[in-house]
Amino acid sequence: MPVCINSNLCVDCQRCVRDCVFSVFAEQNGKIMVKNESSCILCGHCEAVCPTGAISVQESAWSLHEFYRPQATPVSSDAFVRLSTERRSIRQFQNKSLDESVLRYLLETARYSPTGVNRQNLKYIVLQNSLPALKALVFGELIRDPEKYASVIGPAVLTRIIESAKNNQDNLFFSAPAVIVVLDQCGKQIDGALAVAHIVLLAETLRIGTCINGIFPKIASTDPVFSSFLSIPAGYGIVTSIAIGYPNVEYMRIPVRKPADVLWK
């Protein structure tokens with residue numbers, strides 16, 4: 001069974017019954033029972049809400065084992081707003097590598113971003129040592145057959161990337177020391193976008209700069225040579241990519257943004 005209840009620990013508080021939108025649990029003779037096992041999506045909410053630890057979600061290495069700490073000071077709304085508004089897309093990076101432990105920390109947090117019906121199907125490719133080879137492949141293909149890519153990324157963007165590459169400059173990943181490629185099953189986008197938001201905001205707290213790159217996925221989708229290079233699994237596609245590294249620029253002000261376009265009804 002994917003969900004197990006320890007009857008010796010269960011106090012019949014029914015928190016799991018109220019929290020589970022798939023009606024997996026029911027009360028029977030004063031005890032909570034697993035009624036609809038086939039509907040369980042292994043989200044772990046029952047395990048998280050149980051005050052006594054009576055519920056365990058089995059067959060999941062990602063099962064929750066830490067308690068929330070309500071006594072801890074949460075992030076203030078003002079601090080979060082400043083974090084969100086002060087973040088800038090970085091296109092100037094220091095010539096300094098990122099430690100693998102830092103990248104793992106970012107991706108570990110991304111595991112907890114929301115996914116539809118708890119799909120958790122995202123995959124990531126982290127390019128560091130192989131990044132120069134990928135850039136050589138991309139720039140070589142763009143220069144070899146520009147017409148093939150002009151309609152995909154636009155002639156102005158294509159020209160800028162090609163001319164920079166001819167001058168040994170990187171106008172695609174901006175000489176970032178690492179690139180994270182986010183994958184999801186073909187045709188699905190939202191889960192990957194939510195994970196990226198987690199990654200870039202957490203990176204900001206570490207003084208690490210990021211630039212979400214939607215141009216590379218368009219290039220990569222044009223020719224299977226890129227999927228082969230990246231070893232993208234069958235049935236998966238690139239949602240987006242993130243150039244990431246230590247910033248080599250400092251911003252002094254928050255730029256103006258358009259007012260939110262909201263329809264209140």
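The exercises below, each with a worked solution, concern a predicted model.

**Exercise 1. Work out how far helix α7 reaches from its first C-alpha to its last, and which of its residues are buried.**

Solution. Begin with the extent of the helix: α7 covers residues 155-166, which makes twelve residues. From its first C-alpha to its last, α7 reaches 16 Å, close to the 16 Å expected at 1.5 Å a residue. Next, look for the residues of α7 that are buried, which are V157, L158, I161, I162, S164 and A165. These residues cover an arc of only 165° around the axis, and therefore they lie on the same side of α7. On the other side of α7, by contrast, P155, A156 and K166 are exposed. As a further step, ask what covers the buried residues of α7: the elements that do so include α5 (131-144), α6 (146-153) and α9 (215-220). Finally, follow the chain just past α7, where N168 takes a positive phi of about 60°.

**Exercise 2. Find which residues are linked with R119 in a network of salt bridges, and where in the chain they lie.**

Solution. The structure holds nine salt bridges, and one of them joins R119 to D184, with the closest N and O atoms 3.0 Å apart. This pair links distant parts of the chain, since R119 lies in the loop between α4 (100-110) and β5 (123-127), while D184 lies in strand β6 (residues 178-185), 65 residues apart. The second step is to turn to D191, whose side chain meets that of R119 in a salt bridge of 2.3 Å, N to O. Here too distant parts of the chain are linked, with D191 in helix α8 (residues 190-205) and R119 in the loop between α4 and β5, 72 residues apart. Putting the two steps together, R119, D184 and D191 are linked in a network of salt bridges. As for their surroundings, R119 and D184 are both buried, and D191 is buried as well.

**Exercise 3. Decide whether K148 is buried or partly exposed, and do the same for D223, buried or exposed.**

Solution. First establish how the two residues are related: K148 forms a salt bridge with D223, the closest N and O atoms being 2.4 Å apart. K148 lies in helix α6 and D223 in the loop between α9 and α10 (224-230), so the pair ties together parts that are 75 residues apart in sequence. Then apply the cut-off, by which buried means under 20% relative accessible area. K148 has a relative accessible area of 27%, so this residue is partly exposed. D223, at 14% relative accessibility, therefore counts as buried.

How values were computed
Residues are numbered from 1 along each chain as its sequence is written. This is a predicted model: local features need pLDDT of at least 70, side-chain atom pairs count only at pLDDT 80 or more; totals for chains, interfaces and linings use all residues. Side-chain values use heavy atoms; hydrogens and water are left out. Helices (H or I, at least four residues) and strands (E, at least two) are DSSP runs, numbered from the N terminus. The expected span of a helix is 1.5 Å times one less than its number of residues. Buried means under 20% relative accessible area, exposed over 50%, partly exposed in between (1.4 Å probe, protein chains only). The arc is that of the directions from the helix axis to the C-beta atoms. Contact means heavy atoms within 4.5 Å. A salt bridge is a side-chain nitrogen of Lys or Arg within 4 Å of a carboxyl oxygen of Asp or Glu.
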